[in-house]
Amino acid sequence: MEKEMDQSCRPAMMSKQEIRKQMGVRCHLMSPFERARRSEELVLRLEQEDWFRQSRIILAYWPLPDEVDISTAVPRWALSRTILLPVMRGEVLDLVPFLGTDALKPSFPYGVMEPRGAVFAEPQSVDLAIVPGKAFDKSGHRMGRGQGYYDRLLAGLPARKIGVGWDFQLLEQIPSETHDISMDRIITC
């Protein structure tokens, strides 16, 4: 009986839908200045990581308005590394090299800026994946937008995975399922 009472006193874990909603509200409350300042801080921390410094082929992303903004860093990184960005093709994400901001176009239906060009032929050679998320937990679990695009992509990549997000997106625990791909490291700001 005592064991039952202990478990019933624990707060219930929020659902993925509730967490996504809460994170959306928190992101919306950040000012553009705060978002830019914190994004710069995270990029500096990321660039100091040994994994980043040692990587020559990196999967990055072009940010949506509620994600850590790495858009000024991506062109700089592309000067000395191969930077790949995801491109939606149906239910999967293909990897296409970043060849400059002039080669980006908005995707349908999400409006994510994606590079034009040929699909990268050697995804197994990706050294590092920098992955945004709606929430992370201290065990490395990542929660995305709910469509599973990144989980399907990352399942086939041997690359080290660094999740990036805002400090309030790092929770003690989030719901996870067997198909969810965990991060090797999480950096927040």
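Q: Two strands pair if DSSP finds at least two bridges between them. In this predicted model, which residue of β9 is the bridge partner of P132?
A: Start with the strands. Strand β6 covers residues 128-132, and five bridges join β6 to β9. The two run parallel. In β9, the bridge partner of P132 is V164.

Q: Which residue of β11 stands opposite I162?
A: β9 also pairs with strand β11, residues 185-188. Four bridges join β9 and β11, and they run parallel. Opposite I162, in β11, stands R185.

Q: How many of the six residues of strand β9 are buried?
A: Buried means under 20% relative accessible area. Strand β9 spans residues 160-165 and is mostly covered. Of its six residues, the number buried is five.

Q: Which residue of β2 stands opposite I58?
A: Strand β1 takes in residues 57-59. β1 and β2 pair in the parallel sense over three bridges. Opposite I58, in β2, stands I83.

Q: In which sense do β2 and β3 pair, parallel or antiparallel?
A: Strand β3 runs over residues 92-97, and six bridges link β2 to β3. L85 stands opposite V96 in β3. The bridge partner of V87 in β3 is D94. The sense of this pairing is antiparallel.

Q: What is the phi of G90, in the turn between β2 and β3?
A: β2 and β3 form a hairpin, with two residues between them. G90 sits in that turn. Its phi is positive, at about 65°.

Q: How many of the eight residues of β2 are buried?
A: β2 covers residues 82-89. The strand is mostly covered. Out of eight residues, the buried ones number six.

Q: Which strands stand at the edges of the open sheet β8-β7-β10?
A: Three strands form this open sheet, and the pairing is mixed. Two of them have a single partner strand each, so one side of each is left without a neighbour in the sheet. These edge strands are β8 and β10.

Q: Which residue of β8 is the bridge partner of A135?
A: A135 belongs to strand β7, residues 135-137. β7 and β8 pair in the antiparallel sense over two bridges. In β8, the partner of A135 is M143.

Q: How far does α2 reach from its first C-alpha to its last?
A: α2 has 14 residues. The span expected at 1.5 Å a residue is 20 Å, and the helix comes close to it. From first C-alpha to last, α2 reaches 20 Å.

Q: How large is the arc covered by the buried residues of α2?
A: The buried residues of α2 are K16, I19, M23 and C27. They are on the same side of α2, because the arc they cover around the axis is only 70°.

Q: Which residues of α2 are exposed on the other side?
A: Exposed means over 50% relative accessible area. On the side of α2 away from the buried residues, four names meet that cut-off. They are Q17, K21, H28 and L29.

Q: Is R35 buried or exposed?
A: R35 lies in helix α3. The cut-off for a buried residue is under 20% relative accessible area. R35 has 16%, so R35 is buried.

Q: What distance separates the C-alpha atoms of R35 and P65?
A: Along the chain, R35 and P65 are 30 residues apart. Their C-alpha atoms are separated by 9.4 Å.

Q: Which elements give two or more residues to the lining of the largest pocket?
A: The largest pocket has a volume of about 590 Å³. Its lining holds 30 residues, with R142, G144, R145, Y149 and Y150 nearest the centre. The elements that give two or more are α2, β2, β5 (113-115), β8 (142-143) and α6 (149-155).

Q: How many charged residues are in the lining of the largest pocket?
A: The lining divides into three classes. Nonpolar residues number 14, and polar ones six. The charged residues number 10.

Q: Which element gives the most to the lining of the second largest pocket?
A: The second largest pocket has a volume of about 230 Å³. Its lining has 16 residues, and A36, S39, E40, D69 and T72 lie nearest the centre. α3 (32-48) and α5 (73-77) each supply at least two. With eight residues, the element that gives the most is α3.

Q: How many residues in the lining of the second largest pocket are nonpolar?
A: Two residues of this lining are polar. Six are charged. The nonpolar ones number eight.

Note on methods: Residues numbered from 1 in each chain as written. Predicted model: local features only at pLDDT ≥ 70, side-chain atom pairs only at ≥ 80, totals over all residues. Heavy atoms only, no water. 1 Å grid on protein atoms, 1.4 Å probe; cavity = no way out; pocket = protein on both sides within 12 Å on 5 of 7 lines; lining within 4 Å. Points joined across faces, edges and corners; volume = space filled by probe spheres on them. Nonpolar A, V, L, I, M, F, W, Y, C, P; charged D, E, K, R; others polar. Expected span 1.5 Å × (residues − 1). Buried < 20%, exposed > 50% of the residue type's maximum accessible area, 1.4 Å probe, protein only. Arc of directions from axis to C-beta.
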